[in-house]
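Work through the exercises below with the sequence and the coordinates at hand. Each task is followed by a solution in steps.

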Amino acid sequence: MLQLVACISCAFTVFGYGFAWYSHFFVKGNVPATFGHPFWSLMCEFKMFGLMLAGCRSGQNLDPSPRGSK
């Protein structure tokens, strides 16, 4: 059972990053940050996952400081 979970986890990782890297190289024409800054890329992945689990939606202001207020 543990072997199956490991295989599925690896497949999802390769599959997910495959689409992301394809779009970086061929759609956007740039290089993913994963290659230049692997530690920061991993930390951002964990942050996005945590925000997803917390129920934060895309477009929400996550910065608690009021901008532009006088």
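The exercises go from the overall fold to the pockets, and then to the surface.

This is a predicted model, in which local features need pLDDT of at least 70, side-chain atom pairs count only at pLDDT 80 or more, and totals for chains, interfaces and linings use all residues. Residues are numbered from 1 along each chain as its sequence is written, and side-chain values use heavy atoms, with hydrogens and water left out.

**Exercise 1.** Determine the secondary structure and the overall exposure of the protein.

Step 1. Assign the elements as DSSP runs numbered from the N terminus (helices: H or I, at least four residues; strands: E, at least two). The protein has three helices and zero strands, in the order α-α-α from the N terminus.

Step 2. Classify residues by relative accessible area with a 1.4 Å probe and protein chains only: buried is under 20%, exposed over 50%, partly exposed in between. Of the 70 residues, 3% are buried.

Step 3. Compute the accessible surface by the Shrake-Rupley method with a 1.4 Å probe. The result is about 6,500 Å², with 70% belonging to carbon and sulfur atoms.

**Exercise 2.** Characterise the two largest pockets.

Step 1. Set a 1 Å grid over the protein atoms alone; a pocket is an open set of points where a 1.4 Å probe fits, with protein on both sides within 12 Å along at least five of seven lines, and lining residues have an atom within 4 Å of a point. A volume is the space filled by probe spheres set on the points, which are joined across faces, edges and corners.

Step 2. The largest pocket holds about 210 Å³. Its lining consists of Tyr17, Leu42, Glu45, Phe46, Met48 and Phe49, and helix H3 (residues 38-54) gives the largest share, five residues.

Step 3. Sort this lining by class (nonpolar: Ala, Val, Leu, Ile, Met, Phe, Trp, Tyr, Cys, Pro; charged: Asp, Glu, Lys, Arg; polar: the others, Gly among them). The lining of the largest pocket has five nonpolar, no polar and one charged residues.

Step 4. The second largest pocket holds about 150 Å³. Of its 13 lining residues, the closest to the centre are His24, Ala33, Thr34, Ser41 and Glu45. Helix H1 (2-28), helix H2 (33-36) and H3 each give two or more residues to this lining. By class, the lining of the second largest pocket has eight nonpolar, four polar and one charged.

**Exercise 3.** Is Val31 buried, partly exposed or exposed, and how does Thr34 count?

Step 1. Val31 lies in the loop between H1 and H2. Val31 counts as exposed because its relative accessibility is 57%.

Step 2. Thr34 belongs to helix H2. Thr34 counts as partly exposed because its relative accessibility is 23%.
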